[in-house]
Amino acid sequence: MAKERSPGLKLLFAAIIGMALTIPLLAVYALVYDRENQADIAQRSITEGWAGAQVLAGPVLVVPYNEERVTSEVVNDRTVSRTITVRELLYISPEKQDIATVINPEIKARGSIHKSVIYDVALSGTAAFALPSDLDRFGVEPEQLLLDEAEIRFPISDPRGIQTDAEFSIDGEAIALRPGLGTGSNGSGMHAFLDWTGSQPLAVEFNYKLRGSSAISMVPQGKETNWSVESEWPHPSFTGSFLPGDETVEISDAGFKASWSISNLALGQTLVRNTEAQLPQLNPGDRFSAYSNDGSDVSIATIRLVEPVDLYSRVNRSVKYGFLFIGFTFLAFLMFDIVGGARVAAAEYLLSGAGLVLFFVMLLAFSEMLGFMIAYLIASAATIGLLSAYSAAILGSWKRARVIAALLVALYAGLYVLLNLEEWSLVIGSVLLFVALAGMMYATRQIDWSSAVKSDDPAPAVSAESAAT
């Protein structure tokens, strides 16, 4: 009579089919990445007419000064030196600045899938400036300064978000704000002209409203920067070079409060510089990490208004466990084939594996519409029902199909736990794999993997030594 394949050969074929199913798993992984990229594009399009993630800095005092320089040139084969006057700018950071920020968030949607967090923010603050007593250390003498042409600048990364009710005053006297950062600057924001004698400290007050989306950042500068923020958004994420003090952070379902207190000693910056500091940029594709176009160090405090569940990252992580689902299910079929005598064909392995892969596609599709938890319940219930009914047909018994159903329920429940316990996922996963391997070793301890059995013999092939025992 014709002989069946040996148990070892059956194991090899099951492993080959399982490896082949990694191709559609990789396709699902690429699909998740593509959908996440499309979601990012949709979110950016939502905020196009609003404003992007805002990067702000407190006021900076800019004072022009005249500097004499000696230049040399050759005239009629003779080197001639002459003195020219060059106009330069001196950038002075405040001695102290206190900035209070109130963020009013809102979720804006496009269609039923893509959403983005936008906000209106109200900023108010004070700042104090003074001419440094050691100004000569920077190569500038007080008499070189053009104090009557001084400016106050407010750097803002996306000026589209600036509202019309911005106010600025010096010692109680209102001064008009102008667009841009003034003469000699390519940056964006607002500025105001002032006539200052320099003999007394300069006290300024300001308040303005701003639109933005997804994140807001403050670039600290000056001897002392105090930044306080409050909002109704219950899911903030604090990133950047500086984090708020633990004792100042309050987070609840009603919103959050946080405060920063940063000195120039921590910044490693002087209060006076001869070059303009450029605002860093935020990278939306990397969780709004900050970077500088000129490669300099970035000092920034960032608040991300994040959604409580990043469904694409969770679906992405679940796909990485897809091979384990295929492996455990195939092992159960193999045990019924070798030990229980039920014959499972290669096509049946393949169709069962396709059902397991389809779970992740359904999870992604329903997550975008209904949220991750509900989508997980729907996709897992559909997959368990489909494979349980199919198992009853190929294994020839509903009793055996219930074993497959119980295995799938345990797998999907375990995966959900792993997705919610990120720190313990590796430990739990490795323990489960160890237990599964030990169980397989025990169940197949008496199987002779190299021998074949007759096609009409339902019993597994065992070794002579095992039979004797």
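In this predicted model, aspartate 120 comes out as partly exposed, because its relative accessibility is 31%. Aspartate 120 has a charged partner in arginine 211, and the closest N and O atoms of this salt bridge are 3.8 Å apart. The two residues sit in distant parts of the chain, 91 residues apart: arginine 211 belongs to strand S11 (residues 202–213), while aspartate 120 belongs to strand S5 (residues 114–129). Arginine 211 also counts as partly exposed, since its relative accessibility is 27%. Arginine 211 has an aromatic neighbour as well: it lies over the face of tryptophan 50, at 3.9 Å from the ring centre.

Side chains of opposite charge can pair when their charged atoms come close, and a search of the whole structure turns up eight salt bridges of this kind. One of them brings together the side chains of aspartate 158 and arginine 160, with 2.8 Å from N to O. Here the two partners fall into separate burial classes: aspartate 158 counts as buried because its relative accessibility is 11%, whereas arginine 160, at 48%, counts as partly exposed. Salt bridges with shared partners also tie Glu151, Arg153 and Glu276 into one network. Within that trio, arginine 153 pairs with glutamate 151, and their closest N and O atoms are 3.1 Å apart. Both ends of this bridge are out of the way of solvent by the accessibility criterion: arginine 153 is buried at 3% relative accessibility, and glutamate 151 is buried with a relative accessible area of 6%.

Serine 185 meets members of the same network. Leaving aside residues up to four places away in sequence, serine 185 touches Arg153 and Glu276. With glutamate 276 there is a polar contact from side chain to side chain, at 2.7 Å. A polar atom of the serine 185 side chain also lies 3.1 Å from the backbone nitrogen of glycine 187. As for its setting, serine 185 is found in the loop between strand S9 (178–179) and strand S10 (189–194). Although it is a loop residue, serine 185 counts as buried, because its relative accessibility is 15% and the cut-off for buried is under 20%.

The two strands that flank this loop are part of an open sheet. Six strands make up the sheet, in the order S9-S10-S6-S2-S3-S17, with antiparallel pairing. S9 and strand S17 (272–273) are the edge strands, each pairing on one side only. Further in, strand S2 (residues 60–75) and strand S3 (residues 78–92) run antiparallel and are joined by 15 bridges. Valine 70, for instance, has threonine 83 in S3 as its bridge partner.

Strand S20 (residues 301–305) makes a neat case of a covered strand: five of its five residues are buried. Both of its faces are covered, with Ala301, Ile303 and Leu305 buried on one side and Thr302 and Arg304 buried on the other. S20 pairs with strand S12 (residues 215–219) in the antiparallel sense over four bridges, and isoleucine 216 stands opposite isoleucine 303. S20 also runs antiparallel to S14, to which five bridges join it; in this pairing, glycine 240 stands opposite alanine 301.

Aromatic contacts round out the picture, with 19 aromatic pairs in the structure. Phenylalanine 238 and phenylalanine 256 form an edge-to-face pair, at 5.9 Å centre to centre and with 75° between the planes. This pair links distant parts of the chain, 18 residues apart: phenylalanine 238 is in strand S14 (residues 236–240) and phenylalanine 256 in strand S16 (residues 255–263). Phenylalanine 238 and phenylalanine 256 are both buried. Another edge-to-face pair consists of phenylalanine 333 and tyrosine 349, whose ring centres are 6.2 Å apart with 70° between the planes. This one connects two helices, with phenylalanine 333 in helix H5 (residues 322–338) and tyrosine 349 in helix H6 (residues 346–370), 16 residues apart. Once again both partners, phenylalanine 333 and tyrosine 349, are buried. Beyond these pairs, one aromatic cluster is formed by Phe325, Phe359, Phe360, Phe372, Tyr376, Tyr412 and Tyr416.

Methods: Residues numbered from 1 in each chain as written. Predicted model: local features only at pLDDT ≥ 70, side-chain atom pairs only at ≥ 80, totals over all residues. Heavy atoms only, no water. Phe/Tyr/Trp six-rings, centres within 6.5 Å; stacked < 30°, edge-to-face > 60°. Buried < 20%, exposed > 50% of the residue type's maximum accessible area, 1.4 Å probe, protein only. Lys NZ or Arg CZ within 6 Å of the ring centre and 35° of its normal. Pairing = 2+ DSSP bridges. Polar contact = N/O pair within 3.5 Å; in protein donor to acceptor, adjacent residues only side chain to side chain. Contact = heavy atoms within 4.5 Å. Salt bridge = Lys/Arg side-chain N within 4 Å of Asp/Glu carboxyl O.
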